[in-house]
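Please look over the sequence and the three-dimensional structure before reading the report that follows. It moves through the chain part by part, and it helps to find each part in the structure as it is named.

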Amino acid sequence: MAEDSELEKTEPASSRRLEQAREEGDVPRSRELATCTVLLAGALGLMFTGEGLVRRLNSMLTSGLSFEREQAFDFDLLLMRLGASTIDVLIGLAPLAGILILVALGSPMLIGGWLFTAKSLMPNFGRLNPMSGLGNMFSVRALVELLKAVGKTLLVGSIAWVVISSQIEPMLALSAEPLASGGAHLGDLLLTGFITIVCGLVVIALIDVPYVLWQYASKLKMTREELRQESKESDGDPQVKARIRQLQREMAKRRMMSEVPTADVVVTNPTHYAVALKYTEGKMRAPTVVAKGADEVAAKIREIAAENKVALLEAPPLARALYRHAELGDEIPASLYTAVAEVLAYVFQLRAYGRDGGVKPQEPDQLEVPPELDPLNPAAQKADGRLQ
């Protein structure tokens with residue numbers, strides 16, 4: 001059961017899957033929306049440019065039926081007259097044709113946006129497979145397209161029947177009107193009927209667009225296994241990434257351990273924490289943390305420090321405060337300057353004693369560590385509780 005659920009396409013398409021579909025020329029398109037917008041644009045174009053177009057056509061017809069005797073016997077003159085008439089018609093049709101071309105090009109972009117890809121032009125011989133063709137003929141999509149076609153036919157036919165039925169008497173009365181007014185009246189009747197029928201196509205488009213978007217989203221759905229595989233390909237295998245992080249931590253740890261021999265002192269807890277500090281007068285504004293660690297790492301820091309004769313100082317509150325509030329490679333907090341200054345003074349005195357002899361310095365045992373910096377101090381725990 002678990003394996004079946006993993007193979008079911010229940011997850012929405014990822015952004016990468018959608019981008020791949022666009023690259024292959026697969027975007028949602030509604031033919032009903034494109035048809036509706038083109039016809040509606042044609043109806044509106046005729047409404048605003050139809051009168052001028054009719055006048056130009058009437059003028060062309062009138063001039064075409066009347067010509068001089070010389071033109072009837074001169075082929076060149078007839079050809080020039082025909083060319084001029086054709087240009088007049090094209091000029092008259094240009095506004096309407098321009099509107100239709102712009103709408104025809106722009107309507108597919110209403111859903112799916114602009115897309116140009118050469119992949120959709122590549123030949124796909126799989127479409128020539130007769131078995132695939134039979135499968136498409138008896139698929140759910142074919143049934144839906146059939147129902148859409150039947151519904152569109154019924155709706156448009158019903159609207160056309162209502163429009164024609166309501167205009168029978170005005171159309172019969174056209175025979176009694178003069179030619180000029182009758183022609184204008186006929187044009188108004190045809191344009192009104194055309195716009196009414198196109199409004200029926202608007203209803204079809206409003207139903208088709210959500211269905212196309214839903215069908216597109218369903219087609220691109222992914223299984224959970226596909227999502228995991230895509231995540232591995234884009235972000236990398238989690239096991240590989242974990243291994244890389246582990247190697248990075250080990251390299252950082254080795255670099256940190258290589259800095260321990262250069263430290264001036266290692267402050268310990270004594271066993272849980274170890275923080276190595278370094279200070280170079282004239283080059284550093286304040287002592288810097290060159291290594292720090294807890295438990296096993298702390299033990300390794302103490303071991304390296306002992307091997308390289310780096311001073312070890314047991315100061316639990318200071319070690320805890322440094323470990324908690326000082327990051328690797330950063331200067332110590334200003335509130336710990338006094339305590340660390342005492343530690344470094346002791347270390348420098350210890351070096352002088354080992355070199356020149358004299359009185360051995362005493363380890364500082366009363367270091368001033370602000371209570372709010374010591375993680376084990378109740379004041380610090382109370383402050384952490386307020387921050388949380």
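## Strand 4 and its two faces

In strand 4, which covers residues 311-314, the side chains alternate between two faces: Ala311 and Leu313 point to one face and are buried, whereas Leu312 and Glu314 point to the other face and are not buried. The model shown here is a predicted one, and the description should be read with that in mind.

Strand 4 is joined to strand 1 by four bridges, and the two strands run parallel. Within this pairing, Leu312 of strand 4 is the bridge partner of Val266.

## The antiparallel pairings

Strand 1 (residues 265-268) also pairs with strand 2 (residues 273-278), and here the two run antiparallel and are joined by four bridges. Val265 stands opposite Leu277 of strand 2, and the connection from strand 1 to strand 2 is a hairpin of four residues.

Strand 2 in turn pairs with strand 3 (residues 288-294), again in the antiparallel sense, over six bridges. In this pairing Ala276 has Ala291 of strand 3 as its bridge partner.

## A buried lysine in strand 3

Strand 3 also holds Lys292, a residue that is buried and yet has no salt bridge. Why does Lys292 have no salt bridge? The nearest side chain of opposite charge, that of Glu327, is 4.1 Å away, and because a salt bridge requires the nitrogen and the carboxyl oxygen to be within 4 Å, this pair does not count as one.

The side chain of Lys292 does, however, reach backbone oxygens: that of Tyr323 is at 3.0 Å, and that of Ala326 lies 2.9 Å from a polar atom of the Lys292 side chain. When neighbours within four places in sequence are left aside, the residues in contact with Lys292 include Met256, Ala274, Val275, Val297 and Ile301, as well as Tyr323, Ala326, Glu327 and Leu328.

## Helix 7 and its link to helix 9

Helix 7 runs over residues 140-166, so defined as a run of 27 residues, and it reaches 39 Å from its first C-alpha to its last, close to the 39 Å expected at 1.5 Å a residue. The buried residues of this helix are Val144, Ile159, Ala160 and Val163.

Side chains of opposite charge can pair when their charged atoms come close. Lys148 forms a salt bridge with Asp208, and the closest N and O atoms of the two are 2.6 Å apart. Because Lys148 lies in helix 7 and Asp208 in helix 9 (residues 179-219), the pair ties together parts that are 60 residues apart in sequence. Lys148 counts as partly exposed, at 23% relative accessibility, while Asp208 counts as buried, at 4% relative accessibility.

## Further salt bridges

How many salt bridges does the count come to? The count comes to four, and one of them is the meeting of the side chains of Arg351 and Asp264, at 2.8 Å from N to O. This pair links distant parts of the chain, since Arg351 is in helix 14 (residues 337-356) and Asp264 is in the loop between helix 11 (238-259) and strand 1, 87 residues apart. Arg351 counts as partly exposed, at 41% relative accessibility, but Asp264 is buried, with a relative accessible area of 9%.

The side chains of Glu331 and Arg285 also meet in a salt bridge, at 3.4 Å from N to O. Glu331 lies in the loop between helix 13 (316-325) and helix 14, and Arg285 lies in the loop between strand 2 and strand 3, so the pair ties together parts that are 46 residues apart in sequence. Glu331 is partly exposed, with a relative accessible area of 30%, and Arg285 is exposed, with a relative accessible area of 72%.

## The chain as a whole

The chain has 15 helices and four strands, and 26% of its 388 residues count as buried. Among the contacts with a separation of 6 or more, 74% are between residues 24 or more positions apart.

One further pair of positions concerns Arg22, which has its place in helix 2 (residues 15-23) and is partly exposed, with a relative accessible area of 26%. The C-alpha atoms of Arg22 and Gly112 are separated by 8.9 Å, although the two residues are 90 residues apart along the chain.

Note on methods. Residues numbered from 1 in each chain as written. Predicted model: local features only at pLDDT ≥ 70, side-chain atom pairs only at ≥ 80, totals over all residues. Heavy atoms only, no water. Pairing = 2+ DSSP bridges. Buried < 20%, exposed > 50% of the residue type's maximum accessible area, 1.4 Å probe, protein only. Lys, Arg positive; Asp, Glu negative; His and termini not counted. Polar contact = N/O pair within 3.5 Å; in protein donor to acceptor, adjacent residues only side chain to side chain. Contact = heavy atoms within 4.5 Å. Expected span 1.5 Å × (residues − 1).
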